[in-house]
Structure formats: structure tokens, C-alpha cells
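Student: Please take me slowly through one part of this model, namely a helix with the sheet and the other helices around it. I would like one connected explanation, with each term explained where it comes up.

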Amino acid sequence: MFTMHRLQPLLFQPVPSETAYPLTELMQEVRAGYFPEIDADVEVRIAASGPLAWIAPSFMGENGHLVVFHPVLNHPETPIEVLRFICKHELTHIVRPGRVIAGYYESHPDEFWEHEAEVGPERFAVWHWVWGNLRGCLRETDAGLRVARRWRTLQPRWRRPYMPSLPFKGERWDIVCPGDGGQLRLPPSWVVPPHPMKRHRRPRRLRT
Ligand SMILES: [Zn+2]
């Protein structure tokens, strides 16, 4: 409750979206295209609360979820593919919620990762971009990946595009990049180890 109380003024303060595509519209597009089973409003806010993004299911009432993006992502050079994938990750928390496994609450059980891979095969390419561009302001903590408090000074002066170069070996474009690159399929080996998504064991529900 303390966290909610502390965050509320930030969460309800309108922050203009500086991304190339408005985050709210992007979230609606992802919900409609990949999560037709979610019959609820998904509000988007921007707040520096630690994770790159997180979701509070039913935060806006029974039929309204809240997704919060860290302002380090609120940048015109953050690729839309990265933002779209983060929307997919957060909405997967709604359709594949966490559960208790062996007495321990796991917010990302196996079925979560399976569903995320289904709707977001571009996950490795996205994490490759995140690590390649935002590594300087990310911190591995016991609670998971967090954005440093000094992110404003630590963030890169410019951000590389989503696909600067690819390990193509003559593969056909439509196989490597289905959806015209929207779902770029890079192998897991392209993610700078350790793989952040598999290392998180978050005991609480609201962490990303
Ligand atoms: Zn998550």
C-alpha cells in the first residue's frame, strides 16, 4: 500500500508521450491484435518507479488495468518494436498470471514465457537492443532488472536503430523477418548473457 500511495501522484499526472508512436495507442493496438481475450481498458502511464515497465492488474477498477513505463523508454529513438514487445510482456501478465510454485510466488511461470514467446518471438532482438543501448542505466538486483535512479545522466546520448546489422547468411527475408521485420526472429544466442527474463524470480505481483 505504501508503494501505491507514493506512486499515485506520479501515475495520474499526465506525461506527454515522446515516443515516435503514442504509448496509449500502441498498447491498444497490441491488445486488439494479440490479446483479444482481454476485455478491459488498459491505461498507460509513465513513471520512474524502478522497472522498465510493470503492470498493476485491475488497478483502475475491475475492468481496467494499468501499465507503467519508465521514462527512460519515453524517447523518440526508442524503437517501436521494443515498446510493442514490452506491451506484449505486460499484457501476458493478465492472461498468464503468476502463481505459487513450491510455496513460492512466481510472477513469470513457465506458461507465462511460453505465451510471451508465442505473441512476441522478437523477444531476443528486443533484449539485444535494450542491453545494447540502455545497459549503462540498468541494474541487476535481487528484485529483478531495475533502472538506476541516475538514469537521466547515465542514459546514452543517442540510441541505435532496432536492427543495425543482422547475422544473415542468405536466409530469405520473409523467414527471418516475418511481418516485414515487426517480429524479427533472432536466436537466443544474440542476447547478451545472462538472459534477463529467465533470471527474474519476483515474489511480488507488481514487478515487471
Ligand atoms: Zn513481467
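Tutor: Helices and strands are here runs assigned by DSSP and numbered from the N terminus, a helix (H or I) having at least four residues and a strand (E) at least two. This is a predicted model, in which local features need pLDDT of at least 70 and side-chain atom pairs count only at pLDDT 80 or more, while totals for chains, interfaces and linings use all residues. Residues are numbered from 1 along each chain as its sequence is written.

The part to look at is helix α3, which covers residues 80-95 and lies across strands β2 and β3. For contacts, two residues count if their C-beta atoms, placed from the backbone, lie within 7 Å. The direction of α3 is about 30° to β2, where an angle is taken between N-to-C directions and runs from 0 to 180 degrees, and each axis is a line fitted to C-alpha atoms, for helices over the stretch in contact.

Now consider the sheet itself. Strands of a sheet pair through backbone hydrogen bonds, either parallel or antiparallel. Two strands are said to pair if DSSP finds at least two bridges between them. Three strands make up this open sheet, in the order β1-β3-β2, and their pairing is mixed. Its edges are β1 (41-46) and β2 (53-56), each of which pairs on one side only, and neighbouring strands are turned by 20° against each other on average, direction ignored. Between β2 and β3 (residues 64-69), which run antiparallel, there are four bridges, and A53 stands opposite F69 of β3.

A second helix, α2 (residues 23-34), lies across β1 and β3 and runs at about 145° to β1. Two packed helices are described by the angle between their axes and the distance between the axes. For α2 and α3, the angle is about 60° and the axes are 9 Å apart. The two helices α2 and α3 are therefore oblique to each other, since angles under 35 degrees count as roughly parallel, over 145 as roughly antiparallel, 65 to 115 as roughly perpendicular and the rest as oblique. The crossing of α2 with α3 is right-handed, meaning that the near helix is turned clockwise from the far one by less than a right angle, whereas an anticlockwise turn would make a crossing left-handed. On the α2 side the contact uses L23, L26, M27, V30, R31 and Y34, and these meet I80, L83, R84, C87, K88 and L91 of α3. The residues of this contact divide into nine nonpolar, no polar and three charged, with Ala, Val, Leu, Ile, Met, Phe, Trp, Tyr, Cys and Pro counted as nonpolar, Asp, Glu, Lys and Arg as charged, and the others, Gly among them, as polar.

Helix α3 also packs with α5 (residues 123-134), at an angle of about 120° and with the axes 10 Å apart. The helices α3 and α5 are therefore oblique to each other, and their crossing is left-handed. Here E81, V82 and F85 of α3 meet R123, V126, W129 and V130 of α5, a set that divides into five nonpolar, no polar and two charged residues.

To put the picture together, α3 lies across β2 and β3, packs with α2 at about 60°, and packs with α5 at about 120°.
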